[in-house]
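Welcome! Open your viewer, make sure you can select residues by chain and number, and follow along from stop to stop.

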Amino acid sequence: MAAVQGGLADSEEEKDTKTDPSSDVCGNSNNANDAKPVSNSPGANAPSGATKTSVGTAEEQQTLLAVLQFLRKNNLSESVEILRREAGLPEGLLDVKGADGSGTGPGASAGGLEGGDASALLSRVTVSVSGVQAPTKACDQPDVSVVLSAYTQQGDPSLYAVYYSDLKKFIETVLDCHRAELSQVFYPLFVHMYLELVYNNHENEAKSFFQRFSGDQECYYENDLRVLSSLSKREHMRGNETLMDFRTSKFVLRISRDSYQLLKRHLQERQNNQIWNIIQEHLYIDIFDGMPRSKSQIDAMSGSLAGEAKRDANKSKVYYGLLKEPEIELPLDDEDEEAENEEGKPKKKKPKKDSLGSKSKKQDPNAPTQTRIPLPELKDSDKLDKIMYMKESTKRIRLGPEILPSICFYSFLNAYQGLTAVDFTDDSSLIAGGFADSTVRVWSVTPKKLRKVKSAADLNLIDKESDDVLERIMDEKTASESKILYGHSGPVYGISFSPDRNYLLSSSEDGTIRLWSLHTFTCLVGYKGHNYPVWDTQFSPHGYYFISGGHDRVARLWATDHYQPLRIFAGHLADVTCTRFHPNSNYVATGSSDRTIRLWDVVNGNCVRIFTGHKGPIHALAFSPNGKFLASGATDGRVLLWDIGHGIMVGELKGHSETIYSLRFSRDGELLASGSMDNTVRLWDSLKAFDDLETDDFTATTGHIHLQDNSQELLLGTYTSKSTPVIHLHFTRRNLLLAAGAYNP
Amino acid sequence: MSAPKTIPKDAQVMMQILKDMGITEYEPRVINQMLEFTYRYVTTIIEDAKIYSTHAKKSTVDADDIKLAIQCRMDQSFTSPPPRDFLLEVARQKNQTPLPLIKPYTGPRLPPDRYCLTAPNYRLKTVQKKVLPSAGRISVPRLSVGAVSSRPSTPTQGSSGVSVSKVPVPVSLASQRFTVQIPSAQSHAPKSATPPVLMSSSLIGQKTLLMSSSLSQSESLKRKHEDEDDYDAL
């Protein structure tokens, strides 16, 4: 769409004295093409030279209307008047166009509409507008593009195959070093050409085009191609939001300058540059100076629905450091656990400082400030928890390649494949399971049973001043090993305990996220916002905030005391399947079905990193405990490691053969555990993987990576379960690995 | 796979469709489920189309009617999420407001009660004093057994005199909240109102009971559930 506007801007300048703001969204490819009014060639000549009033064909009239609307949108009222007077257009025509506007315009317009007569065009607009379920957001933009796209230059449909095979021949003849890069063009070009043929109702040509060239594409695009093959009519395209987004967003390619020059020269020599048009309209070519990339480098980074990430997208500063731990003094004597431990309590003699606290008062330059986002203050119970945490961490086993953790596997029996989500509390005392029958069950892992708080009547009767009031408020009669929570009306796909063990969150296919109290085991709040299944949810490590991601392609940040989300992270092209907080709670990582991972800043909702490289929807994400690295697992069975600070991929762990559903770093980040549908848990040496990373300037600026093929060395162990896919992993505070899954005979 | 001869033709078609879409592993019952869905969908569409065609006073159902029926059904049941630009616009607006500051410790951080699911969804029927069953004592305005009477701040309730008309609290609701109005004949507390009793909520994650007693002159022992407004003041 932006390319079309750019083209229009060119034609504007020919006849207007005012200068339009030229759209600077387009990449180099567009700027290189200033001289050509690409998309408006048939119709643009008419208004540009028009001093006479005769407006010939209906096509030209449409162009005029589009131009008028564009001018009006940019507040160029004088030119509107002049143009209308000269072209002799009546007032009424413009308004009809405006009435059809709705937010779905880009979706409907992105194809190349045939220049038909006005009524056919309008009917098409209304048909496509009413078909898509979107609230009407009055916006002129879609109207213009609807009409403008009618003038996307179309070649003769039967020649598409010819153009494509010409390009194929050309690319096969270039130098080896350029060939890999230029081959990147094939897939987006193929998809867009096919979609244009379908959109313009050339069904047979589309089918033959598909049959002829779909086999040439890379293997990792197989699923997308299959979806494409099922679309043979324009009506099929309408309901598919992902495809619409694909058409409107630009597919990003990263090509070196030399290769790009070759391609451009070749395409511009030709008479019919339909391909060039498509490239300009739908592709964004991110040019870099330097050596062309090799095939393996390209393969490592490609695979997502929108191509790779622009280099600019990964340039902003990310504060990946950890927040400073609050100073809590450990008491020397253990009996004083319940007493408050504040700094400077004179009664304690020489209390130990906590080993995890920051000894240095200096601020880590990579860490966010404490007040960057508002965080809840620590309550007494939180301080007690922290003390427990520190005590346990002193007893923690330091893992390594020689010291592997023991793995304790919790199998859910008789779940009939209904287990859809699992979570452990941080101190590993409770397990929660979300099921396809819409229940949530909580079990106690320790011998201590689950108890509800007494009813209001009984609470009156207890002695409130007693020391063990916390025990007395619990109702012994309700003690049980597990509790069942009813409330959702659809399978529960995401589940998360709060760090203070007061609350449990569950997200479900019914579009709501429920907050349950773990003291009364009842539901407290239902957060409604997604109207579509919510695939994942997680509490922030500091409590109070939580995030959720769902089928509506956005992730939302909520706080427990607001019934509406605080932030909406929009940008993915397909469902958000996995959402994780960074350890410092300032950033959120989302993995999606469009095969990208995005890192969002909580403060302003901006996307600060885009990571491409997976070849399937991402189902597992894990941040390293030091906050610098991110590990991700997808349906392609690979675990990819990313350096957040530099924004590049630093490792690839191959080994699993099926979807990876769970990833977890050990408590000090020495090991990475991954669990997958192939019934195995694998342990990887993450210290070594992150160890000798030389990120030189070239890599940092261009994002080119040289991945070592050391998956085998990094694999420390493979542990197979008895036909139980592993859907959750958790390291206890002492570095014992817990795994959970449903037994699936 | 069982012998092809015994599988009806529709099921074979469905299996072929699944194969074409690249789905190779599925339970056998999936075919039945898909066939049921197909049948229901197609009949719904055709019925709708029939209605449209009679409305248009046509004698037969033609392609336009079917198209219209499909479109209307799609808007109704197979909605798709909003388009990307709309989401980006909404997100932009939402993300402009800064994150709200967190008030210092105020109890469980939950939205206003209107948005919570913690209100009781039942009401207890008021009981007339004289009509009580012979279940025991009449609603006598006095301290009941079990009260720790040394604490004047602990109101009690005469629990035996009230009949509950509905089954209390389904599991999904939270704590019961109700007020107990203790008539004036209370022997211990001449105070007009005792402060609400609240357990140290730092250790309990939810709002527990709120008992308030007032010296009303009413004679019957009434149990009313509290208005939600009272809780916001907490």
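## First stop: chain B

Begin by colouring chain B on its own: within it, residues 24 or more positions apart account for 68% of the contacts that have a separation of 6 or more. Keep in mind throughout the tour that this is a predicted model. Chain B has 234 residues, and 32% of them count as buried. Switch to a cartoon view and you can pick out five helices and two strands. Walking from the N terminus, you meet the elements of chain B in the order α-α-α-α-β-β-α.

Now select B:Arg73 and B:Asp48 and show their side chains. These two form a salt bridge, with their closest N and O atoms 2.8 Å apart. B:Arg73 sits in helix α3 (residues 63-76) of chain B, while B:Asp48 sits in helix α2 (residues 29-55) of chain B, so the pair ties together parts that are 25 residues apart in sequence. Are the two partners buried or exposed? B:Arg73 is partly exposed, at 24% relative accessibility, whereas B:Asp48 is buried, at 13%.

## Second stop: the largest core

Move over to chain A and select A:Leu167, A:Met193, A:Leu195 and A:Phe209. They belong to the largest nonpolar core, which has 49 residues, and they are the ones with the most contacts inside it. Next, highlight helix α12 (residues 186-199) of chain A: this helix gives the most to the core, with 11 residues.

Zoom in on A:Met193. Which residues does A:Met193 touch, leaving aside those up to four places away in sequence? You should find A:Tyr160, A:Tyr163, A:Tyr164, A:Phe209, A:Ile275 and A:Ile278 around this side chain.

Apart from this core lies another one, of 39 residues; to locate it, select some of its members, including A:Met301, A:Tyr320, A:Trp642 and A:Leu715. As a general background, nonpolar side chains in soluble globular proteins tend to be buried together.

## Third stop: two crossing helices

Keep helix α12 of chain A in view and add helix α18 (residues 274-282) of the same chain. Their axes come within 10 Å and cross at roughly 105°. Because of that angle, α12(A) is roughly perpendicular to α18(A).

To see the contact itself, show the side chains on each helix. From α12(A), pick A:Leu189, A:His192, A:Met193 and A:Glu196. From α18(A), pick A:Gln274, A:Ile275, A:Ile278, A:Ile279 and A:His282. Colour them by class, and the contact shows five nonpolar, three polar and one charged residues.

## Fourth stop: salt bridges in chain A

Over all chains, the structure holds 31 salt bridges. Select A:Lys295 and A:Asp299 for one of them: their closest N and O atoms are 3.3 Å apart. Both residues lie in helix α19 (residues 295-301) of chain A, and because they are four residues apart there, about one helical turn separates them. A:Lys295 is partly exposed, at 38% relative accessibility, and A:Asp299 is partly exposed too, at 21%.

Then jump to A:Lys654 and A:Glu652, whose side chains meet in a salt bridge at 3.5 Å, N to O. Here A:Lys654 is partly exposed, at 40%, while A:Glu652 is buried, at 13%.

For a group rather than a pair, select A:Arg396, A:Arg398, A:Asp668 and A:Glu670, which are linked in a network of salt bridges.

## Last stop: three loop residues

Start with A:Asn75, in the loop between α4 (58-73) and α5 (77-87) of chain A. This residue is not a glycine, yet its phi is positive, near 60°. A:Asn75 is exposed, at 67% relative accessibility.

Compare A:Phe521, in the loop between β14 (512-517) and β15 (522-528) of chain A. A:Phe521 also has a positive phi, of about 55°, although it is not a glycine. This residue counts as buried, at 4% relative accessibility.

Finish at A:Ser316, found in the loop between α19 and β3 (329-330) of chain A. A:Ser316 is partly exposed, with a relative accessible area of 31%. Not counting residues up to four places away in sequence, A:Ser316 touches A:Val608 and A:Arg609. Add A:His646 to the selection: the C-alpha atoms of A:Ser316 and A:His646 are separated by 9.4 Å, while the two residues are 330 apart along the chain.

Key
Residues numbered from 1 in each chain as written. Chains lettered and ligands numbered in written order. Predicted model: local features only at pLDDT ≥ 70, side-chain atom pairs only at ≥ 80, totals over all residues. Heavy atoms only, no water. Core = buried A, V, L, I, M, F, W, Y, C linked by side-chain atoms within 4.5 Å. Buried < 20%, exposed > 50% of the residue type's maximum accessible area, 1.4 Å probe, protein only. Contact = heavy atoms within 4.5 Å. Axes fitted to C-alpha atoms, helices over the stretch in contact; angles between N-to-C directions. Parallel < 35°, antiparallel > 145°, perpendicular 65-115°, else oblique. Nonpolar A, V, L, I, M, F, W, Y, C, P; charged D, E, K, R; others polar. Salt bridge = Lys/Arg side-chain N within 4 Å of Asp/Glu carboxyl O.
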